[in-house]
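Got the two chains open in your viewer? Here is a quick walk through how they are put together.

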Amino acid sequence: MQHDSILITLADDDEDDRLFFTDAFDELKINTIVNTVNNGKELLNYLNDPDTILPNILFLDLNMPILNGIECLKEIKSNDKFKDIVIAIYSTSSSDQDVEDTFVLGANIYIKKPSNFDSLKKILANIITINWQYHTSGLNKDTFLLRV
Amino acid sequence: MKYNRQKSSVYHKIIFTISLFILLFISVLTVKHINNISNSTKLLMHTYEVNLELEHLYSYIKDSDNNFRSYIISKDNFYLVLYQNDIKNVNSSFSILKELNRKDLGQQRNLESLYKMVNSRYDYIANNSNLNKNVDLTRNYDFKKVLKESGKRLAEIRIQLNDMVHNEKTNLKLQNSVYDRQIYLTPIITLSILFITFLLLIFTYIQTTNDIEKLQTTNVKLNKSHFLSSQAEILSEFGTWEWDLIDDKLTYSNNLYHILGVAPQSFEATKENFMKFVHPEDVEIVDTMFKKITKDEDLPHTYFRIIRPNGKIRNLRSVGKLFTDNVGNKTVLGVTNDITDEHNKNELLKSNYEDLIAINNQLKIFEESSKQAEILGKYGSWILNYDTLHLTYSDNRYRLLGYEPQAFEASIDNIFNFIHPDDKKAVDKAFKKALETKRMLSMSYRVITKDGRIRNFRTIAKSYIDLSGTHSMIGTTRDVTEDYNKSLQLKERNIELEKHVKELNEFNQVASHDLQEPLRKIQTFISRINDKEKENMSDAGKEYLSRIEIASDRMRVLIDDLLQYSKANRSEKKLETTDLNQILSESLSELSQNIEDKKATINYTTLPTINGIPFQMQQLFSNLLSNSLKYAKADVAPIININCVEIVAKNESILNDNSSKKYYKISVSDNGIGFEQKHSKQIFLLFNRLHGKSEYQGTGVGLAICEKIVEKHSGFIFATSNPNEGATFTFYLPVNIT
């Protein structure tokens, strides 16, 4: 484990999206370690595993079987152990309801999955380079949804 | 009073006539008495004259005797002349006596016998006188015998004379007794008659004094009543007139002149002068009136108008009656009344009455229509008197319970019998509260009708104080069973609808997420191929890939627009104060790149602040602006003008609304390619496009969303345009959106 690498975990049930996600980080050439899980259940198992080094940023898909993103978010936020993890919602939907709900539940940013690989790369690069402490202090509903 | 006066004057006349007759009678009586007295005096004189003449006669006879004797003795002829003279005197005395006793047959007879005696004596003397001339008488026997005879004859004459005197005395005595009687009665009769006359005169005097007093009182009364009548004339605006039919002379009272609007007695009261005042239309009426007065000596109520010198028209009424006074003068006495005010009042009353009749008719119509309305609307009304708790039902209120109208007497107790047992308690409570608070809010309950059906009723009532001050509660009860059933249906429908909405939301979810996801992946893969594999592809492959990319982009736009449209359609109406100036500036910054690219100029005025949904308003402006930018002429830089004015609905014919509702009229006009006016409605339809996809991008959703948003804000949107002349989109938003 390299401690100077940014640890990133993606919870997404969609194989294609996981592929785009990892490809994008590969191409970004930023010092990151990307780990993916297939659903919410798996995510929580992973996070709760004592051997797991908690990620810096967690990308969370909302529409997942077994345990969806919202439920995962609630779970994570209810546990003080995970309070330092930056949570980025990563969803196809950008419905007001979802944005609202996740904001209220304490997610740090909301990313609408782009339909262009270049856009994806730009977004991810952007996310990694945000000074999270700074971003979170000035967070509001408008800055919550990341616009590209 | 008039009658009394007439009576008393007749009375006076009778007394006067009687007095006159009595005086006449007294005069006649007195004249007769005086005549009688003078007759008696004449008779007395006559008796004295006769007596005197008889004495004269006797003395003449005696004288003649003496003289004859002296002749005989002296034979002196002188005595014979005297004797002859005496005989003449005797004869004249006889003729006097004869004349005096012309009327007294008894005395005449006595006188004749005396005359015969005297004559026979003188004849005797004359026969014997010649014998004695030359004889010694003293020795002559014959002579002595003649003398003796002569003396005898003289004594007889004396007796006869005394008889006559006695006769006269008897006559006189008789006459005197008659005279005395008359003398005695005359003063008594005269006095008594005078006394009666005196009494009559006193009576008449008293009566006259009384009458005068009465007359004076009457006169005072008359003066007073004259004064009052003139006051009354002024007060009640009437004037009087007199028409002396015999002299054909008119007299007007002062107030009649006032009524005519001129100073009293300012013109001579004649028919002609009066006619000058008469209203031209009424001249005939007044003409007939005058004719009637002279012809019939009477005037029934006549109405006509006059025009005063100041031009005011007054309504007058005249009435007259013939008055014949004691003397028989015929006068038509009349009253002319100014009835303008009365007339106006009457007119007012008439019009009020007509109004009342009209109102009454309306009320009747209203009553009938309300009866019909009760039947049609399935409601009945009732009135509850607070004081007597007397309840009155309208006909239909009975029908609602399944009864014929007025089939039973409505009372608080028996209405409770109809109420559904489960609702009795609630109704009782509400009713008691209503009596206490004197108001009843809407109350719903069930009743069981005569035929056992359960019906839902709703009652509202209100306190009412009628004109007579009676407190009552007027209520309306409606059979709302159908409504109730309908509302039940509606509730079911609502539940159904909510289910549909939920399904729609789920569909939206699917559309927004599940449909987008594969598309997104397709697009991402396309971008991956474009990035990594493009150079390995044939030209045809590149071409195909490019077409796939365009198609998938279009699909994305379609899905996005569709989502937006459904969002505009379904979003809840949370109105908040929205400053349209701020909204516009946000839209402009959103479109800034586009505006810059097209080198567009956008002019706008100050916009109002409305009650709206901010993000929808922004979408509205953005859609309209991007629409204008999109359909700009290829070679002309777009100029977009945004204007806003406040208008009133009735002044905008396009709104088809006659109310005074205020709207903001906001227009967005451009100098673009425009469209044909006939398409102005079509362009707002979903997925409707006037142009080919390749010419102008778009899904045909933008304007449909605009229309939806404006409708959500209770507004209207219209488009006007001509090809190549630009288009104007105008939307109206109520000033007060609720």
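What follows is a short tour of the two chains and the place where they touch.

## The big picture

First things first: this is a predicted model. Chain A runs to 148 residues, and 34% of them are buried. Chain B has 738 residues, of which 21% count as buried.

As for secondary structure, chain A contains seven helices and five strands, while chain B has 17 helices and 17 strands. Sequence-distant contacts show up in both chains. If you take contacts between residues at least 6 apart in sequence, 72% of those in chain A join residues at least 24 apart. On the same basis, the figure for chain B is 60%.

## The sheet in chain A

Walk along chain A from the N terminus and the elements come in the order β-α-β-α-β-α-β-α-β-α-α-α. The five strands form an open sheet with parallel pairing, in the order 2-1-3-4-5. Which strands stand at the edges? They are strand 2 (32–37) and strand 5 (109–112) of chain A; each has a single partner strand, so one side of each has no neighbour in the sheet. From one strand to the next, the twist averages 20°.

For a look inside the sheet, try strand 1 (residues 6–11) and strand 3 (residues 57–60) of chain A, which run parallel and are joined by four bridges. T9(A) is a handy spot to click on: it stands opposite L58(A) in strand 3 of chain A.

## Helices around that sheet

Helix 5 (residues 117–129) of chain A lies across strand 1, strand 2, strand 3, strand 4 (86–91) and strand 5 of chain A. Relative to strand 5 of chain A, helix 5 of chain A runs at about 170°.

Now find helix 2 (residues 40–48) and helix 3 (residues 69–78) of chain A. Their axes come within 9 Å and cross at roughly 20°. Angles under 35 degrees count as roughly parallel, so that is how helix 2 and helix 3 of chain A are described here. The crossing of helix 2 and helix 3 of chain A is right-handed. On the helix 2 side of chain A, the residues that meet helix 3 are G40(A), L43(A), L44(A) and L47(A). Their counterparts in helix 3 of chain A are G69(A), E71(A), C72(A), E75(A) and I76(A). By type, the residues of this contact divide into five nonpolar, two polar and two charged.

## A buried helix in chain B

How many residues of helix 17 (residues 702–712) of chain B are buried? Nine of the 11 are, so helix 17 of chain B is largely enclosed by the rest of the structure. The buried residues of helix 17 of chain B include L703(B), A704(B), I705(B) and C706(B), and also the charged E707(B) and K708(B). Just after helix 17 of chain B, S714(B) takes a positive phi of about 55°.

## Where the chains touch

The contact draws 13 residues from chain B and 11 residues from chain A. On the chain B side, helix 12 (residues 481–532) of chain B gives the most, with 12 residues. What kinds of residue does chain B bring to the side that touches chain A? They divide into one nonpolar, six polar and six charged.

Note on methods:
Residues are numbered from 1 along each chain as its sequence is written. Chains are lettered from A and ligands numbered from 1 in the order in which they are written. This is a predicted model: local features need pLDDT of at least 70, side-chain atom pairs count only at pLDDT 80 or more; totals for chains, interfaces and linings use all residues. Two residues are in contact if their C-beta atoms, placed from the backbone, lie within 7 Å. Helices (H or I, at least four residues) and strands (E, at least two) are DSSP runs, numbered from the N terminus. A residue is buried if 20 or more other C-beta atoms lie within 10 Å of its own, exposed if 12 or fewer, and partly exposed in between; C-beta atoms are placed from the backbone. Two strands pair if DSSP finds at least two bridges between them. Axes are lines fitted to C-alpha atoms, for helices over the stretch in contact, and angles run from 0 to 180 degrees between N-to-C directions. Angles under 35 degrees count as roughly parallel, over 145 as roughly antiparallel, 65 to 115 as roughly perpendicular and the rest as oblique. A crossing is left-handed if the near helix is turned anticlockwise from the far one by less than a right angle, and right-handed if clockwise.
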